[in-house]
Amino acid sequence: MPVSTPTETDTFAAAWEDWHAAHEQHRAHPHGFLAVTHLHWLDGQAARLDGAPGTWSVENDVVSVVLEPGESLLRDGRELNTAAGATLEFGPIEERGGINLVSGNTVIELAKRGGSYIVRPRNPENGLLRSYRGTPSYAPDAAFAVTGTFVPFEVPRPTTVGAAVEGIQHVYEAPGEIRFQLAGQEFALTAFNGHAPGTLSVLFTDATSGKTTYAANRSLTVVPAADGTVRLDFNRAINLPCAYTDLATCPLPPAENRLPVAIEAGEKIPYERQEQQ
């Protein structure tokens, strides 16, 4: 019996399956965003927080935590409390930065978002994580993997965007835009610097948003070549944390990144949000 040779379509689909399986594994990490149990905004009023030990407050960009005897808080594996209790100070923390502390099996994220300090306990027993069964996605389609060009701005542009949480804004540095063609039309997407060196992050919505894909945003990470060539594989467009939980502060796309065409590729509305509709 002759052995069939994988087609380009088969190879493309297999590569996507491997990528998406790895992404799902990362998303379901025991202390990932699906494990977040609470979102606390700190201010000058000292308060105890659900899911975290101690009494917390912030003043002049410094977070104070007062621990009672017997309460445990670790940083990099080192216990920060003493037998008599302790007053700890953290900060300043840069915008979109953060540190992780540990109390028992809970990781406590202390971070700065929209100019304010937040505390987000992450517990692997959180119901959202324990019931997570994956994210529905479109079948991979090579027609939505296109080549574009990254065109840098003369000077990077500070770009203010809204957030999934009402009342805060994010400011990102946009080094340039990505120009490409899809369905016979020309488009340009403002790109932000990505998490990893040499990468760009694109936030966008399209004609599927709010119908088959999450209404607020999706994200695509790209790596421009030295000559500016960019591979935009919308099959790898992913949901941000706010698609799953209201305890996220995700940015919204800039106005120019709201595409009028249907990008029927990538991740769809999570099951958790579908059940809320």
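This is a short dialogue about reading a predicted model, feature by feature.

Reader: Let's start with the helix. What span should H1 have, going by its residues?

Author: Keep in mind that we're working with a predicted model. Helix H1 covers residues 8–27, and at 1.5 Å a residue its 20 residues should span 28 Å. The C-alpha atoms at its ends are 28 Å apart, which agrees.

Reader: And how do I read its faces? Which residues of H1 are buried?

Author: The general idea is that an α-helix has 3.6 residues a turn, so residues three or four places apart point the same way. In H1 the buried ones are Phe 12, Trp 16, His 20, His 23, Glu 24 and Arg 27. They cover an arc of only 100 degrees around the axis, so they sit on the same side of H1. Asp 18 and Gln 25, on the other side of H1, are exposed.

Reader: What covers the buried residues of H1?

Author: The cover includes strand E11 (145–161) and strand E16 (229–233).

Reader: Those strands bring up packing. Which residues have the most contacts inside the largest nonpolar core?

Author: In soluble globular proteins, nonpolar side chains tend to be buried together. Here the largest nonpolar core has 22 residues, and those with the most contacts inside it are Ile 178, Phe 180, Leu 232, Phe 234 and Ile 263. At least two residues of this core come from each of E11, E12, E13, strand E14 (200–204), strand E15 (218–222) and E16. There's also a second, separate core of 20 residues, with Leu 42, Leu 73, Phe 90 and Ile 108 among them.

Reader: Let me zoom in on Leu 232. What is Leu 232 in contact with, leaving aside neighbours within four places in sequence?

Author: With that filter on, Leu 232 is in contact with Phe 144, Ala 145, Val 146, Ile 178, Phe 180, Leu 220 and Val 222.

Reader: Now a polar one. Is Asp 206 buried or exposed?

Author: Buried means under 20% relative accessible area. Asp 206, in the loop between E14 and E15, has 6% relative accessibility, so it counts as buried. Beyond its neighbours within four places in sequence, Asp 206 is in contact with Thr 213, Arg 218, Leu 259, Val 261, Ala 262 and Ile 263. For Ile 263, the backbone nitrogen lies 2.9 Å from a polar atom of the Asp 206 side chain.

Reader: On to sheets. What is the strand order in the open sheet of four strands?

Author: Reading across, you get E2-E3-E4-E7, with antiparallel pairing. Strand E2 (47–48) and strand E7 (86–90) are the edge strands, each pairing on one side only. Look at E3 (residues 55–59) and E4 (residues 62–67): five bridges join these antiparallel strands. Across that pair, Trp 56 stands opposite Val 65 in E4.

Reader: Last stop, backbone angles. Which residues have a positive phi although they aren't glycine?

Author: Asn 60 has a phi of about 55 degrees, and Ala 183 also has a phi of about 55 degrees. Asn 60 lies in the loop between E3 and E4, while Ala 183 lies in the loop between strand E12 (170–182) and strand E13 (185–193). At 70% relative accessibility, Asn 60 counts as exposed; Ala 183 counts as exposed at 66%.

Reader: And omega? Which residues does a cis peptide bond join?

Author: Gly 91 and Pro 92, with omega about 0 degrees. You'll find Pro 92 in the loop between E7 and strand E8 (98–103).

Definitions and conventions:
Residues numbered from 1 in each chain as written. Predicted model: local features only at pLDDT ≥ 70, side-chain atom pairs only at ≥ 80, totals over all residues. Heavy atoms only, no water. Pairing = 2+ DSSP bridges. Expected span 1.5 Å × (residues − 1). Buried < 20%, exposed > 50% of the residue type's maximum accessible area, 1.4 Å probe, protein only. Arc of directions from axis to C-beta. Contact = heavy atoms within 4.5 Å. Core = buried A, V, L, I, M, F, W, Y, C linked by side-chain atoms within 4.5 Å. Polar contact = N/O pair within 3.5 Å; in protein donor to acceptor, adjacent residues only side chain to side chain.
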